[in-house]
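Please find below a colleague's note on the structure shown here. The points are numbered and may be taken in order.

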Amino acid sequence: MSSSSPSGDLTERRGIPAAKFIQDVETYLSQSGLDPNSALSFHQERLQQYKVVEMKLLAQQRELQAKIPDIEKCLEVVATLQARKGTGEALLADFEVSEGIYSRARIEDTDSVCLWLGANVMLEYSCEEATTLLKNNLENAKASLEVLVADLQFLRDQVTVTQVTIARVYNWDVHQRRVKQATPTAIAAADS
Amino acid sequence: MQQQGSSSSSGSGMEVTWEDQQNINTFSRLNNRFHDLDDEIKSAKEKCDNLEDAGNELILADEEMIRFQIGEVFAHVPRDEVETRIEEMKEATCKSLEKLEEEKESIVSQMAELKKVLYAKFKDSINLEED
């Protein structure tokens, strides 16, 4: 991560505005015409907005992270059924009927499985088609997760830049006040 | 990680360059990844332990057909196949655990480097410790 100039970076990513890096606080304040307090509240508001987006992205990330193992489990089951196909043996499986209550199922050799697609819809597929579909879903989920993680990293960078900017504007303001306070005293000392 | 306003004279000339900002950003990213890794390592260790226990249980059990969890159901699987499957799962989990530990080590050393650089420039004006 080594872009040498701030202008080389993105100004926004997927709807998230980038936080502009300030080279010099004094120049920034005079150019934008803001007094320190307004600048501080602007940046703090930005920070809040970033936090809101971060919550949303984290929730999406948790969803995806739960979905991926689910798809992998389905793939495993289909693979097991396919492996059994040639042997002619039935597969005995104990499955949960309700919490703590299990029942036994006898699954004969089969060419097709039913996949739950969501929204109260279930479709029957051949084992091969099911494997292909599930693999696709898994790839998509993993790709979405990658994009999401990159979004979160970008967002966190903007949060960090904004936090540093707030600290710098605040420090600059404190320093300015101290200088202003010191100057009348110096003039009084010179007079006396 | 916070950057505190300093009440000493460093509030005056403490310029933050783009390079400093990038270092701070990198440190923040590494710190986040470090915490995520900690969680991942914990769950990988747990999985490894569970597989170890399962392997031991298998040796003690004397049934021919073991109920082995595939997906959401427990399929009746012959003992040998269960043994093979558990071995495979154990190997995969242990390998990924190793990789995670390696990544964690590398991140810890990268963070130590960055801490040195940032503390050198900012001394008391910056706080890079866990709160």
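1. A residue is called buried when its relative accessible area is under 20%, exposed when that area is over 50%, and partly exposed in between. By this rule, 37% of the 131 residues of chain B count as buried. The model under discussion is a predicted one, and every remark below should be read accordingly.

2. The fold of chain B may be set out next. Its secondary structure amounts to 3 helices and 2 strands, and the order along the sequence is α-α-β-β-α.

3. One stretch of chain B carries an annotation. An unreviewed UniProt entry lists residues 27-61 of chain B as "coiled-coil region". In the model, residues 27-61 of chain B are 97% helix and 0% strand, and the C-alpha atoms at the two ends are 50 Å apart.

4. Which residues of chain B form a negative surface patch? The patch consists of Glu46(B), Asp49(B), Asp53(B) and Glu57(B). Of these, Glu57(B) belongs to helix α2 of chain B, which covers residues 18-60. Glu57(B) counts as exposed because its relative accessibility is 51%, and the cut-off for that class is over 50%.

5. Salt bridges deserve a separate comment. Over all chains, the structure holds 23 of them. In chain B, one such pair is Arg33(B) with Glu103(B), whose side chains meet at 2.8 Å, N to O. Arg33(B) lies in helix α2 of chain B and Glu103(B) in helix α3 (residues 79-122) of chain B, so this salt bridge ties together parts that are 70 residues apart in sequence. Both partners are classed as partly exposed: Arg33(B) has a relative accessibility of 26%, and Glu103(B) one of 30%.

6. A further salt bridge in chain B joins the side chains of Lys115(B) and Glu129(B), with an N to O distance of 3.2 Å. Here Lys115(B) is in helix α3 of chain B, whereas Glu129(B) is in the segment after α3 of chain B, so the pair ties together parts 14 residues apart in sequence. Lys115(B) is partly exposed at 24% relative accessibility, and Glu129(B) is likewise partly exposed at 35%.

7. In chain A, what is the burial state of each partner in the salt bridge between Asp94(A) and Arg104(A)? The closest N and O atoms of this pair are 2.8 Å apart. The bridge links distant parts of the chain, with Asp94(A) in strand β3 (residues 91-98) of chain A and Arg104(A) in strand β4 (residues 101-107) of chain A, 10 residues apart. Asp94(A) is buried because its relative accessible area is 8%, which falls in the class under 20%. Arg104(A), by contrast, is partly exposed at 49% relative accessibility.

8. Chain A also contains a network of salt bridges, in which Arg13(A), Arg14(A) and Asp151(A) are linked.

9. Finally, chain A has a nonpolar surface patch of about 230 Å², made by Leu117(A), Val121(A) and Leu123(A). Val121(A) is located in strand β6 of chain A, which comprises residues 121-126. With a relative accessible area of 37%, Val121(A) is partly exposed.

Technical notes
Residues numbered from 1 in each chain as written. Chains lettered and ligands numbered in written order. Predicted model: local features only at pLDDT ≥ 70, side-chain atom pairs only at ≥ 80, totals over all residues. Heavy atoms only, no water. Patch = residues over 30% accessible without salt bridge, like charges linked within 9 Å, V, L, I, M, F, W, Y side chains within 5 Å. Areas by Shrake-Rupley, 256 points an atom, 1.4 Å probe, with all protein chains shown as cover. Salt bridge = Lys/Arg side-chain N within 4 Å of Asp/Glu carboxyl O. Lys, Arg positive; Asp, Glu negative; His and termini not counted. Charge placed at Lys NZ, Arg CZ, Asp CG, Glu CD. Helix = DSSP H or I, 4+ residues; strand = E, 2+ residues; numbered from the N terminus. Buried < 20%, exposed > 50% of the residue type's maximum accessible area, 1.4 Å probe, protein only. UniProt positions renumbered as here; feature names shortened; annotations may be inferred.
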